[in-house]
Amino acid sequence: MRRRRFRKKEAKKVSAEIKETTGVEVGGDMDEVDFGNVKVILVDNEPLLINYEGRYYLSVYGVMKLRPEKYRVTVDEGALKFIMNGADVMKPGIVYADERIKEGDFVFVTVEGKDSPIAVGLALCDGSEMIGEKGKAVKNIHHLKDKIWKQFFG
């Protein structure tokens, strides 16, 4: 597993982008670990961030630890096993979506009745359009128990 340490200036830029995309503050030494289509950014050796297609987002662990106030999408129990297998989030499974979400935003996914995130991804439509009869609402980038999660948490 190759690690690359970010320079201070680069880490500052990442911190600013995270603040803008998720509303949370992140700081510390940053190392990037390559997982192919997703790179994980370790902040003081914790896998808090991911780099997907050149943009920075919170990892599932980052959401657990830093608790962003917006960008939540909640699904029913029936959607859980599909999302945990890497499926994108479909509109019929969604029971709540933050109205502030815009297409292309970072979002995190929780299951009804639980606060802990099960996945992070990108909104494929605005939050106001996420609850519906058919179609995809969220592109699943990283989820609990995927190869990234297993690398750090067994």
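**Close-up views of the predicted model**

**View 1. The open five-stranded sheet.** In this predicted model, five strands form an open sheet in the order β1-β2-β3-β4-β5, and their pairing is antiparallel. Strands β1 (3-5) and β5 (55-58) stand at the edges of the sheet, where each has a single partner strand, so one side of each is left without a neighbour in the sheet. From one strand to the next, the twist averages 30 degrees.

**View 2. The pairing of β1 with β2.** Strand β1 and strand β2, the latter made up of residues 30-34, run antiparallel and are joined by three bridges. Within this pairing, Arg 4 has Glu 32 in β2 as its bridge partner.

**View 3. Helix α1 on the sheet.** Helix α1, which spans residues 8-22, packs on the sheet and touches β1, β2, β4 (46-52) and β5. The direction of helix α1 makes about 60 degrees with that of β5.

**View 4. The surroundings of Glu 112.** Glu 112 lies in the loop that runs between β9 (106-111) and β10 (117-123). The relative accessible area of Glu 112 is 42%, and this residue is therefore classed as partly exposed, a term that covers values between the 20% limit for buried and the 50% limit for exposed. When its neighbours within four places in sequence are left aside, Glu 112 is in contact with Thr 74, Val 75, Asp 76, Glu 77 and Val 95. For one of these residues, Thr 74, the C-alpha atom is separated from that of Glu 112 by 5.9 Å, although the two residues are 38 residues apart along the chain.

Key: Residues numbered from 1 in each chain as written. Predicted model: local features only at pLDDT ≥ 70, side-chain atom pairs only at ≥ 80, totals over all residues. Heavy atoms only, no water. Pairing = 2+ DSSP bridges. Helix = DSSP H or I, 4+ residues; strand = E, 2+ residues; numbered from the N terminus. Axes fitted to C-alpha atoms, helices over the stretch in contact; angles between N-to-C directions. Contact = heavy atoms within 4.5 Å. Buried < 20%, exposed > 50% of the residue type's maximum accessible area, 1.4 Å probe, protein only.
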